[in-house]
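Colleague: I'm new to this one. Can you walk me through it?
Modeller: Sure, here it is.
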Amino acid sequence: MSQLLATVHTMAADPHVRLLADAVPDVTPQMPKDVDKPVQSLLNWTAGLGLAAAVLGGLLGWAAVAVGHNSERAALAARGKQAILWSLFGAGGIGVTAALVTTFYNMGK
């Protein structure tokens with residue numbers, strides 16, 4: 001432990017040691033225009049198709065609940081209820097992930 005503290009003290013006392021890098025002067029990162037539109041389109045389509053699949057899963061889950069309830073098949077109704085919950089969780093996850101990816105992508109512009 002004392003050797004670790006001595007190393008930290010030596011590094012802190014040295015004026016040439018920098019733990020964090022300085023900012024690069026006069027550089028503004030930009031996304032090339034040829035890449036920007038296709039990537040944005042791909043992100044939008046991915047989020048849209050994922051949400052459409054989640055909605056379809058929810059609708060099929062409700063159909064399974066209805067058929068299971070009316071035909072007195074408790075297992076089918078239970079599976080339908082699970083499908084509804086998982087489609088809601090999936091849609092929420094897709095929505096949050098798509099928003100985060102788009103936000104970080106737009107920060108690089």
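Colleague: How many aromatic pairs are there by the rule?
Modeller: The count comes to 1 aromatic pair. The rule takes rings of Phe, Tyr and Trp (its six-membered ring) with centres within 6.5 Å; planes under 30 degrees apart are stacked, over 60 edge-to-face, and the rest tilted.
Colleague: Why does the pair of Trp 86 and Phe 89 count as edge-to-face?
Modeller: The ring planes of Trp 86 and Phe 89 sit at 75°, so the pair is edge-to-face. Their centres are 5.9 Å apart.
Colleague: Where do Trp 86 and Phe 89 lie?
Modeller: Both are in helix H3. They are 3 residues apart, about one turn of the helix.
Colleague: Are Trp 86 and Phe 89 buried or exposed?
Modeller: Trp 86 is exposed at 63% relative accessible area. Phe 89 is exposed too, at 57%. Buried means under 20%, exposed over 50%, and partly exposed in between, with a 1.4 Å probe and protein chains only.
Colleague: Which residues form the nonpolar patch?
Modeller: Leu 85, Trp 86, Leu 88 and Phe 89. Together they have about 520 Å² of accessible area. Such a patch joins nonpolar side chains (Val, Leu, Ile, Met, Phe, Trp, Tyr) within 5 Å; its residues have over 30% relative accessible area and no salt bridge (a side-chain nitrogen of Lys or Arg within 4 Å of a carboxyl oxygen of Asp or Glu).
Colleague: And Leu 88, where is that?
Modeller: Leu 88 is in helix H3, residues 74-107. Its relative accessible area is 55%, so Leu 88 is exposed.
Colleague: Before I go on, what kind of model is this?
Modeller: It is a predicted model: local features need pLDDT of at least 70 and side-chain atom pairs 80 or more, while totals for chains, interfaces and linings use all residues. Numbering starts from 1 along each chain as its sequence is written, and side-chain values use heavy atoms, without hydrogens or water.
Colleague: New topic. What is the phi of Glu 72?
Modeller: Near 55°, a positive value in a residue other than glycine. Most residues other than glycine have a negative phi.
Colleague: Where is Glu 72 found?
Modeller: In the loop between helix H2 (33-70) and H3. Glu 72 counts as exposed, at 74% relative accessibility.
Colleague: How many helices and strands does the chain have?
Modeller: 3 helices and 0 strands. Those are DSSP runs, numbered from the N terminus: helices (H or I) of at least four residues, strands (E) of at least two.
Colleague: What share of the chain is buried?
Modeller: Buried residues make up 14% of the 109 residues.

Technical notes:
Patches are made of residues with over 30% relative accessible area and no salt bridge: like charges are joined within 9 Å, nonpolar side chains (Val, Leu, Ile, Met, Phe, Trp, Tyr) within 5 Å. Accessible areas come from the Shrake-Rupley method with a 1.4 Å probe; for residues, only the protein chains shown count as cover.
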